[in-house]
Every structure is written in C-alpha cells, then in structure tokens.
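Visitor: Please choose a single part of this structure and take me through it closely, explaining each term as it comes up.

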Amino acid sequence: MNTRSSAAESCQQSLTRAATPAARSALITTTAARAVREAELSDVRRRAGQARSELDGTPIVWKDLFDLNGNATTCGSALSAGGPAALSDSALVRRAGRLGLVTVGKTNLSEFAYSGLGINRHFGTPVNPIDPALVPGGSSSGSAVAVTAGIAPLAIGTDTSGSVRVPAAFCGCVGFRASPNRYGPNDFTPLSPTLDCVGILARTVASIRAFDRLLAVACKPRPDSGGPPRFVIPAGEWIDDCTPEVRAAFDATIEVLRGHGLSVSTRRVVALDAAKQMLDSHGTIVGAEAHERYGHLASAAGIEPATRRRLQSNAHVDITPLRVAMPTLRQQFSTELCGALLLCPTVRHEPPRIDALLASEAVYDAVNASTLRTTMALSYLGTCGISLPLNASGRPLPIGVLLSAPAGADAYLLAQAALVTRYTS
C-alpha cells in the first residue's frame with residue numbers, strides 16, 4: 001500500500017471508487033462498515049509502530065466463493081443470492097485479516113465460477129476497463145475489474161481452467177494461479193476440487209509477491225540451475241492458432257526479451273500436446289465435477305442459460321482415463337521443461353463483444369471453449385501460471401503473455417515474472 005496514506009484514507013478511496021460507473025457490477029457485496037473498522041485499527045497499529053505486516057492497511061476484495069462473516073456467499077448465482085449469511089470468514093480471509101489487510105467486499109463472477117467469459121446476467125457483467133463492449137473474462141471477472149478500477153490493489157479469485165489468468169489478460173492486469181494448496185487447503189465453494197486453485201489479481205507483480213511471501217504455506221524448494229532463466233515457447237496450436245493481433249503482440253514481446261539477452265526457444269512440449277489430446281478425446285475433469293456438484297440445478301428456474309447448457313453437455317462424461325493419465329503427464333511436463341518456464345499467449349484471441357455472444361448460443365459456447373483452450377490444458381498439468389499485461393505505445397491491450405511452471409515453482413515463477421515486466425512494461 002501507499003505508506004504516505006493512512007489506512008482510513010485508502011479505505012475511503014476504495015469505497016468511493018466502488019461506487020463509480022467504471023466499477024459497476026465489479027462487486028456483489030460492499031463491506032463498508034467492516035472495512036472502515038479494520039482500517040481504523042490498522043492506523044492505530046501503524047502509529048504505534050506495530051504493523052502486522054507490510055500489507056497492513058491494504059484494501060483487498062474476495063471472489064464471492066469465499067465466505068465473509070455475516071454475508072451470503074452467492075457463487076455469482078441468483079439461486080444462491082438469498083441464501084443464509086456465513087457464520088464465519090473463510091480460513092484464508094481470516095489469515096489475511098490477521099496480517100492487517102482490509103476487506104472491502106466480495107467480487108462478481110461467472111455463475112458458479114463456470115465460464116471463461118465473465119458474463120453474469122443476474123448481477124450484471126463487470127465492465128471491461130479497456131472496452132466496455134468486450135467481455136471482461138472469467139470466471140474471476142469482478143476481481144480483475146476491481147483491481148483495474150482502483151477499488152483494491154489486491155483481489156483474490158480462484159482459477160480452475162483459467163479463471164484468473166483469462167480476466168487478467170482481457171482486462172490488462174496481472175493474474176497469478178498458484179500451485180494447488182499453496183495457501184493451505186481450499187476453503188472456498190468448489191467447482192472442480194481436483195483442479196481448483198487460489199488466484200491473485202493485481203496491477204503489479206510486486207503486490208502479488210508480497211501477498212505470496214506472507215501467506216504461502218505449501219512451499220517446495222526448487223532446484224536452481226545456477227544460470228539465467230530460460231523460456232520455452234510450445235510449438236503447434238498454442239501459437240499457430242492465435243489471431244494476427246495476439247500473435248503480433250506476443251512476437252513483439254519475445255523480440256524484447258531476446259533483445260535483453262534472455263534465452264527463448266521454441267519446441268514441441270510433448271506432455272502439453274498429450275494433455276490437450278486427452279481433453280479433446282475424453283472431455284474435462286472440470287465439466288464432470290461441475291455436473292456432479294451442480295447438475296441437479298440444470299433445470300432450475302433462474303439458472304443462466306449458458307450454465308444450463310454446460311451442465312447438460314457434461315452429464316455423461318467419463319473422466320477415468322484423464323485421472324489415470326494425469327500424474328504421468330505432470331511429471332513428464334516437469335521433466336521436459338527441465339527448469340525452464342513455458343511462455344505463450346494467455347488466450348489465443350482478443351476478448352469478444354458481449355452483444356455478439358448473447359445473440360447466438362452456438363457462438364457463446366464455442367468462444368467460451370476457445371478462450372480456455374490453453375489455460376485449461378495447463379491446469380490439467382497442475383501448473384502455476386501468471387498472465388502479464390501487454391501494451392502498445394503506452395495503450396493497454398486486452399492481451400496477456402502467460403508464464404507457466406510445474407507445481408511448486410511459484411516463487412521462482414514470480415521472480416522471473418518480475419524480470420519480464422521490467423523489460424516489457
């Protein structure tokens with residue numbers, strides 16, 4: 001946070017921005033009384049020289065899958081909007097509170113966190129800061145917009161198939177998918193327990209690193225080769241299927257990195273190709289587990305049409321072959337990279353227009369699948385990943401570059417992401 005401002009001033013600024021048109025529909029719930037109280041206590045500690053952490057007094061928002069004491073957890077659905085209030089905070093919310101972070105509210109999302117587009121027809125679709133006509137990306141749409149609209153410097157989301165990385169790319173901020181259970185056991189409403197992970201959105205990599213340093217509990221030492229970082233671009237559809245605009249922005253980024261002496265090579269990554277083939281042949285773990293949890297609601301009045309279609313289409317998916325192959329492919333992926341980081345566009349196309357998607361169910365469903373095609377395969381491989389924003393002539397682009405690493409390499413990944421942003425910002 002800005003140490004020249006009091007926590008109370010930062011809090012008031014967050015609450016003021018939450019009420020602006022630019023922040024429309026980013027939040028489902030604003031916890032103003034709680035935020036003011038927590039900010040006042042933070043200022044007392046800071047004046048006494050007893051700050052609990054470097055983030056004491058920093059505003060934060062939480063995807064509405066996490067419980068906040070006294071508030072219903074809606075999961076972005078009209079079906080849950082009138083549900084009972086939570087009796088306590090989720091564990092990660094409590095831990096962040098003990099470090100002095102100030103909870104400002106709960107962010108909007110795709111219904112049940114089950115879409116990469118971020119459209120929400122009940123609570124409203126969060127406004128993409130780059131172009132309001134475009135989708136913000138999902139499912140952590142409100143989290144990305146809350147960060148870019150200045151409501152909070154930190155937003156906590158979840159990422160199952162790309163739900164933090166995609167909105168970060170489409171909205172022009174940083175989005176980090178942590179390794180499984182990096183911040184302790186998941187304590188949010190699940191979509192797919194096998195693949196759900198905590199994610200963090202922020203304007204800068206530095207903010208995410210600060211949160212990660214304070215709250216990571218599942219840290220695995222990473223063997224260090226002792227040399228400079230190496231990056232691998234996966235050959236094949238991961239690059240070839242990109243639109244001309246995405247490809248041009250990505251190629252320009254690679255030229256900059258190579259111009260600063262970084263090692264960037266292109267080659268086939270067999271485990272990644274095999275993962276995509278498995279998903280194409282057998283369906284997805286996310287789809288099967290989402291149907292297991294929410295399938296009984298597919299015919300409920302009030303459910304969004306797109307959610308209903310996805311639940312129905314996954315009613316008979318057999319994911320046994322996926323589960324059998326997953327451990328071997330994850331190990332193979334780590335072996336193939338051999339300490340390098342994977343580097344590719346976060347999404348292969350720019351964010352589509354909202355009106356075009358709502359005009360055609362077929363287009364809506366096809367674009368949702370294509371939006372998640374890269375990040376879903378990397379989730380299946382268990383990666384941690386971070387999407388970094390790109391710009392052209394100082395203008396933010398709705399395009400991200402994605403750095404990915406095998407599970408457990410979070411600290412190394414974040415360090416190299418900071419290096420990349422130093423050259424590309």
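Guide: Two strands are said to pair if DSSP finds at least two bridges between them, and the strands themselves (E, at least two residues) are, like the helices (H or I, at least four residues), DSSP runs numbered from the N terminus. Before we use these terms, please note that this is a predicted model, in which local features need pLDDT of at least 70 and side-chain atom pairs count only at pLDDT 80 or more, while totals for chains, interfaces and linings use all residues. Residues are numbered from 1 along each chain as its sequence is written, and side-chain values use heavy atoms, with hydrogens and water left out.

The part I have chosen is strand E3, which covers residues 102-107. Six of its six residues are buried (under 20% relative accessible area, where over 50% would be exposed and values in between partly exposed, with a 1.4 Å probe and protein chains only), so E3 is largely enclosed by the rest of the structure. Strand E1 (residues 27-30) pairs with E3 in the antiparallel sense over three bridges, and Thr29 has Lys106 of E3 as its bridge partner. Strand E2 (residues 59-63), by contrast, runs parallel to E3 and is joined to it by five bridges, with Val61 standing opposite Gly105.

E2 and E3 also belong to a right-handed β-α-β unit, together with helix H3 (residues 91-98). Right-handed here means that, with the strands pointing away from the viewer, the path from the first strand over the helix to the second runs clockwise.

In the loop between E2 and H3 we find Phe66, which is buried, with a relative accessible area of 0%. A pair of aromatic rings is described by the distance of the centres and the angle of the planes. Rings of Phe, Tyr and Trp (its six-membered ring) pair if their centres lie within 6.5 Å, and planes under 30 degrees apart count as stacked, over 60 as edge-to-face and the rest as tilted; by this rule there are four aromatic pairs. In one of them, the centres of the Phe66 and Phe188 rings are 5.3 Å apart and the planes stand at 55 degrees, so the pair is tilted. Phe188 lies in the loop between strand E5 (174-177) and strand E6 (197-202), 122 residues from Phe66, and the pair thus links distant parts of the chain. Phe188 counts as buried too, at 8% relative accessibility, and Trp62 joins Phe66 and Phe188 in one aromatic cluster.

Further along the chain there is Tyr114, with Arg310 lying over its face at 5.1 Å from the ring centre. A charge sits over a ring if NZ of Lys or CZ of Arg is within 6 Å of the ring centre and within 35 degrees of the ring normal. Tyr114 and Arg310 are among the residues that line the largest cavity, including also Ser110, Glu111 and Tyr364. A cavity is a set of points, on a 1 Å grid over the protein atoms alone, where a 1.4 Å probe fits but cannot get out, and its lining residues have an atom within 4 Å of a point. The largest cavity holds about 40 Å³ of space.

Conventions:
On a 1 Å grid over the protein atoms alone, a cavity is a set of points where a 1.4 Å probe fits but cannot get out, and a pocket is an open set with protein on both sides within 12 Å along at least five of seven lines; lining residues have an atom within 4 Å of a point. Grid points are joined across faces, edges and corners, and a volume is the space filled by probe spheres set on the points.
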